[in-house]
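Here are my notebook entries from a browse through one structure. I kept them brief, and I spelled out each term where I used it.

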Amino acid sequence: MTEEPTTTELTAKAKALSSPLRWRILRLCLHEPRTNKELAGLLGLNAGTMHHHVSCLVETGFLEALEPRVGARGAKEIPYRATGLTWRDSEAPLVGPVVVETFLQEIQGVSPTDLEIGRVGSRLTPEDREALEQRVDELLEWVRAHDSPGGEPFSMMIALHPDVQQR
């Protein structure tokens with residue numbers, strides 16, 4: 001049996017996931033372990049700033065350090081890999097707006113013809129909404145389970161929300 005996270009742990013996790021930059025770091029480390037230097041280069045930041053963000057993600061369990069390796073100039077480098085904790089609702093506190101902001105940052109520069117977007121509005125009974133949420137969870141789990149090292153990288157975001165403008 002796993003223990004429930006403490007309020008302090010949940011607060012630390014919420015803080016760690018309160019930044020779109022940290023979500024982007026997790027995405028970059030999802031399929032390929034990356035070092036602070038590699039992440040800093042990909043995100044246009046200095047190494048010190050990147051170290052701060054990576055340390056926060058490691059401390060909260062969202063990133064894990066792998067075995068050190070020797071870099072191009074002989075220096076010790078530590079690659080980091082995302083642990084997948086953000087896939088479990090209990091491990092990722094309510095961070096919806098930050099995830100949406102991250103998504104908007106990540107699609108900057110993506111050709112509009114490469115974006116597949118679907119949107120629908122509906123009125124659902126509580127039972128039907130629960131069934132929909134279950135099917136969405138199953139779909140996301142299927143996508144995660146079919147991650148293929150030789151496959152083309154892509155991202156998907158699904159948002160289900162009450163239509164407050166219709167109330």
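**Entry 1: ground rules.** I took helices (H or I, at least four residues) and strands (E, at least two) as DSSP runs, numbered from the N terminus. By that rule, His53 sits in helix α4, residues 47-59. I reminded myself that this is a predicted model, where local features need pLDDT of at least 70, side-chain atom pairs count only at pLDDT 80 or more, and totals for chains, interfaces and linings use all residues. Residues are numbered from 1 along each chain as its sequence is written, and side-chain values use heavy atoms, with hydrogens and water left out.

**Entry 2: the whole chain.** I counted 6 helices and 4 strands. Read from the N terminus, their order is α-α-α-α-β-β-β-β-α-α. The C-alpha trace spans about 60 × 45 × 30 Å along its principal axes.

Next I looked at burial, where buried means under 20% relative accessible area, exposed means over 50%, and partly exposed is in between (1.4 Å probe, protein chains only). The chain has 167 residues, and 22% of them count as buried. For area I used the Shrake-Rupley method with a 1.4 Å probe; for residues, only the protein chains shown count as cover. About 12600 Å² of the chain is exposed, with 53% of that supplied by carbon and sulfur atoms.

I then turned to contacts, meaning heavy atoms within 4.5 Å. Of the contacts between residues at least 6 apart in sequence, 56% join residues at least 24 apart.

**Entry 3: charges and rings.** For charges, Lys and Arg count as positive and Asp and Glu as negative, while His and the chain ends are not counted. I placed each charge at NZ of Lys, CZ of Arg, CG of Asp or CD of Glu. The chain has 18 positive and 25 negative charges, and their mean positions are 6 Å apart.

Which residue lies over the face of Phe62? I found Lys13 there, at 5.0 Å from the ring centre. The test for a charge over a ring is NZ of Lys or CZ of Arg within 6 Å of the ring centre and within 35 degrees of the ring normal.

I also looked for aromatic pairs and found 0. Rings of Phe, Tyr and Trp (its six-membered ring) pair if their centres lie within 6.5 Å; planes under 30 degrees apart count as stacked, over 60 as edge-to-face and the rest as tilted.

**Entry 4: helices α1 and α2.** I found Ala12 in helix α1, residues 7-16. Is Ala12 buried or partly exposed? Its relative accessible area is 34%, so Ala12 is partly exposed. Ala12 and Cys56 are 44 residues apart in sequence, yet their C-alpha atoms are 8.7 Å apart.

Pro20 belongs to helix α2, residues 20-28. Pro20 counts as buried because its relative accessible area is 18%. Setting aside residues up to four places away in sequence, Pro20 touches Val98, Glu101, Thr102 and Gln105. I also noted Glu106, which is 86 residues from Pro20 in sequence and 9.4 Å away in space, C-alpha to C-alpha.

**Entry 5: helices α3 and α4.** Asn36 and Ala40 were my picks from helix α3, which covers residues 36-43. Asn36 is buried because its relative accessibility is 16%. Beyond four places in sequence, Asn36 touches Met50, His51, Val54, Ile78 and Tyr80.

Ala40 has a relative accessible area of 5%, so Ala40 is buried. With neighbours within four places left aside, Ala40 is in contact with Leu45, Asn46, Ala47 and Met50. Ala40 and His51 are 11 residues apart in sequence and 8.7 Å apart from C-alpha to C-alpha.

Back in helix α4, I checked His53, which is buried because its relative accessibility is 13%. What does His53 touch, not counting residues up to four places away in sequence? I found Leu21, Arg22 and Ile25.

**Entry 6: strand β4.** Ala82 lies in strand β4, residues 80-82. With a relative accessible area of 13%, Ala82 is therefore buried. Outside its neighbours within four places in sequence, Ala82 is in contact with Leu26, Cys29, Leu30, Phe62 and Leu63. My last look-up was Gly150, which is 68 residues from Ala82 in sequence and 18 Å away in space, C-alpha to C-alpha.
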